[in-house]
Amino acid sequence: MYGIPMWFSVAVLTSLFFVFVNCVMLFALGSKRVFHETPRYILFGHMLMNDSVLLLVSILMYAVAQCFLPIPTSICTLLVFISYCTFRNAPLTLALMSLERYVAICFPLRHCNIATPKRTGIAIGIIWLLSSINIMADIIFVLTVNPNYLAGIIFCTLEKLFLFKWQLDKYQAFDVLYFVSVAVIIIFTYISIMITARSVSSDKDSAKKALRTVLLHLIQLGLCLTSFLYTTIERTLYMMTGTNSSLFINLRYLNFLIILIIPRCLSPLIYGMRDEAVWPLFKYFFCYRSGKVKPSINVH
């Protein structure tokens, strides 16, 4: 049983460390006005904030579930709402980041007019609206059927909001729609940028960088999709280990760490370390301003 606190401690410490990394990177983005006015950095900042909130809520909900701790239904509903929205925000943000790179490479002369900070903010608002429609419908439906629903005490899971089978079917249908749509958008932008990169008149260096970025978006989308395998893997582990509960519990925590936590920790590594403007600033603040000179900014 010693493996139980170890694996869970690893998951918690990993999450907290990357939340700290995300906060430092957000602070770096907030330290220069140019980042506030550049759509791709606005979207990157939104991704960092979204992943940080998702990590914290996921750890909290998992800890509550593993301790079999009943909590007020109102708090559970709030946690489920935040977890649901932030989880689905991630792929939608990836799609928006890919579209921004598509416009920058394929329509360079119109990029400044199309991708403005104001329109980027509106797009982020639309992302939150799209990600919350399904869960809001379920919450409203549950409150309509049972007006006293929020007054109870329950073991907190998303399934507590499902009173009928059609709700689960709707939930799964929305997820398929989200991820298929995002995949189509990212693949479309990748192909379009690749065609532009072969054009004689294009900026080939910028196009190649954009291709690598969009490809990373597609890889990260794949990592997001692995989260849907969590329940299936846990059920398979239970069938394989049988009555050996100690082994099952250890593998269960490991599954939680690898499938749910680690994919959410990759955003600062995938994007921040590759960015020539953000990375020097991040190192400067992460090392508590140990450098003698604050790095200059060169945003392309």
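Start with the lining of the largest cavity: by class, it has five nonpolar, two polar and two charged residues. Keep in mind that this is a predicted model.

**Stop 1: the cavity**

Select Met47, Asp51, Ala90, Leu94, Gln220, Cys224, Pro263, Arg264 and Ser267; these residues line the largest cavity. The space inside is about 60 Å³. The count of cavities of 30 Å³ or more comes to one. Now colour by helix. Helix H3 (39-66), helix H4 (73-106) and helix H8 (204-226) each give the lining of this cavity at least two residues.

**Stop 2: helix H4**

Stay with Ala90, one of the cavity-lining residues, and show the whole of H4. The helix bends by about 30° at alanine 90. Look for a proline there: proline 91 follows within four residues. Next, check the length. H4 has 34 residues. From its first C-alpha to its last, H4 reaches 49 Å, close to the 50 Å expected at 1.5 Å a residue. Then add a surface. H4 is mostly covered, with 26 of its 34 residues buried.

**Stop 3: the largest pocket**

Select Leu158, Glu159, Tyr230, Thr231 and Leu260 and centre the view on them. Of the 39 residues that line the largest pocket, these five lie nearest its centre. The volume of the pocket is about 1,400 Å³. Which helices each supply at least two residues of its lining? They are H3, H4, helix H7 (165-197), helix H9 (230-241) and helix H10 (245-261). H3 and H4 have turned up before, since each also supplies at least two residues of the lining of the largest cavity. By class, the pocket lining divides into 24 nonpolar, eight polar and seven charged residues.

**Stop 4: aromatic pairs**

Show the aromatic rings. The structure holds 14 aromatic pairs. Go to tyrosine 84 and tyrosine 171: their ring centres are 5.8 Å apart and their planes lie at 45°, so the pair is tilted. Tyrosine 84 lies in helix H4 and tyrosine 171 in helix H7, so this pair ties together parts that are 87 residues apart in sequence. Both tyrosines, 84 and 171, are buried.

Move along H7 to phenylalanine 174 and tyrosine 178. Why does this pair count as edge-to-face? The ring centres of phenylalanine 174 and tyrosine 178 are 6.1 Å apart and the planes are at 65°; planes over 60 degrees apart count as edge-to-face. In sequence, phenylalanine 174 and tyrosine 178 are four residues apart in helix H7, so about one helical turn separates them. An α-helix has 3.6 residues a turn, so residues three or four places apart point the same way.

Compare their cover. Is tyrosine 178 buried or exposed? Tyrosine 178 counts as buried, because its relative accessibility is 8%, and the cut-off for buried is under 20%. Phenylalanine 174, at 26% relative accessibility, counts as partly exposed.

One more aromatic selection: Phe20, Trp279, Phe282 and Phe286. Ring pairs link these four, Phe20, Trp279, Phe282 and Phe286, into a cluster.

**Stop 5: cysteine 287**

Finish at cysteine 287. Where is cysteine 287 placed? Cysteine 287 sits in the segment after helix H12 (278-286). Its relative accessible area is 43%, so cysteine 287 is partly exposed. For a last distance, pick the C-alpha atoms of cysteine 287 and leucine 143. Cysteine 287 and leucine 143 are 49 Å apart in space, C-alpha to C-alpha, and 144 residues apart in sequence.

Methods:
Residues numbered from 1 in each chain as written. Predicted model: local features only at pLDDT ≥ 70, side-chain atom pairs only at ≥ 80, totals over all residues. Heavy atoms only, no water. 1 Å grid on protein atoms, 1.4 Å probe; cavity = no way out; pocket = protein on both sides within 12 Å on 5 of 7 lines; lining within 4 Å. Points joined across faces, edges and corners; volume = space filled by probe spheres on them. Nonpolar A, V, L, I, M, F, W, Y, C, P; charged D, E, K, R; others polar. Expected span 1.5 Å × (residues − 1). Bend = angle between axes of the 7 residues up to and from the residue. Buried < 20%, exposed > 50% of the residue type's maximum accessible area, 1.4 Å probe, protein only. Phe/Tyr/Trp six-rings, centres within 6.5 Å; stacked < 30°, edge-to-face > 60°.
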